[in-house]
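Work through the exercises below with the sequence and the model side by side. Try each task before reading its solution.

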Amino acid sequence: MPGQRKRRRHQEEEARRAAERFAPAQGRWEVIFSTQDEAQWQERLRVLRATDTRIDWSAVRIDILCGRVVQPTTYQLSRFVPAADTGQGQDAFEH
């Protein structure tokens, strides 16, 4: 199909950039909201999208942890928190 190779390369490049941006050395994932009630999940997500301008939606992860008979499904919204680069660790080694 025409353009399929170009499209695949573009998707692979985006995946590589995301892997670098969200690597464990770059920061950590912090849970914003977690629930087992799907209706509550949908409502909270809708409200956050409409009202919270502090959230960088390009650095948000939505996890749906599939449940089984003994454990119900859990819905989680997490945001990526970059590692603080204070430079304090470098000063200690320079002396």
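**Exercise 1. Find which strands the buried residues of helix α2 pack against, and where on the helix those residues sit.**

Solution.
Step 1. The buried residues of α2 pack against β1, β2 and β3. This is a predicted model.
Step 2. Name the residues: Trp41, Leu45 and Leu48 are the buried ones in α2.
Step 3. Around the helix axis they cover an arc of only 65 degrees, so they lie on the same side of α2.
Step 4. Look at the face turned away from this buried side: the exposed residues there are Ala39, Arg46, Ala50 and Thr51.

**Exercise 2. Check the length of α2 against the span expected at 1.5 Å a residue.**

Solution.
Step 1. Helix α2 covers residues 38–51, which is 14 residues.
Step 2. The expected span is 1.5 Å times one less than the number of residues, so α2 should span 20 Å.
Step 3. The end C-alpha atoms of α2 are 20 Å apart, which agrees with the expected span.

**Exercise 3. Give the strand order of the sheet and state which strands stand at its edges.**

Solution.
Step 1. The sheet is open, has 3 strands in the order β1-β3-β2, and its pairing is antiparallel.
Step 2. β1 (27–35) and β2 (60–65) each have a single partner strand, so they stand at the edges, with one side of each left without a neighbour in the sheet.
Step 3. Direction ignored, neighbouring strands of the sheet are turned by 30 degrees against each other on average.
Step 4. Take one pair in detail: β2 and β3 (residues 74–82) are joined in the antiparallel sense over 6 bridges. Arginine 61 stands opposite serine 78 in β3.

**Exercise 4. Decide whether leucine 77 is buried or exposed, and list its contacts.**

Solution.
Step 1. Locate the residue: leucine 77 lies in strand β3.
Step 2. Buried means under 20% relative accessible area. Leucine 77 has 1% relative accessibility, so it counts as buried.
Step 3. Leave aside neighbours within four places in sequence; leucine 77 is then in contact with Glu30, Val31, Ile32, Phe33, Trp41, Leu45, Leu48, Trp57, Val60, Arg61 and Ile62.
Step 4. Compare sequence and space for one of these contacts: leucine 77 and tryptophan 41 are 36 residues apart in sequence, and their C-alpha atoms are 9.1 Å apart.

**Exercise 5. Find where the pLDDT is below 50.**

Solution.
Step 1. Start with the whole protein: the average pLDDT is 83, and 87% of the residues score at least 70.
Step 2. The pLDDT is below 50 over residues 86–95. Beyond near neighbours in sequence, this stretch has 0 contacts in the model.

How values were computed. Residues numbered from 1 in each chain as written. Predicted model: local features only at pLDDT ≥ 70, side-chain atom pairs only at ≥ 80, totals over all residues. Heavy atoms only, no water. pLDDT = per-residue confidence, 0-100. Contact = heavy atoms within 4.5 Å. Pairing = 2+ DSSP bridges. Helix = DSSP H or I, 4+ residues; strand = E, 2+ residues; numbered from the N terminus. Axes fitted to C-alpha atoms, helices over the stretch in contact; angles between N-to-C directions. Buried < 20%, exposed > 50% of the residue type's maximum accessible area, 1.4 Å probe, protein only. Arc of directions from axis to C-beta.
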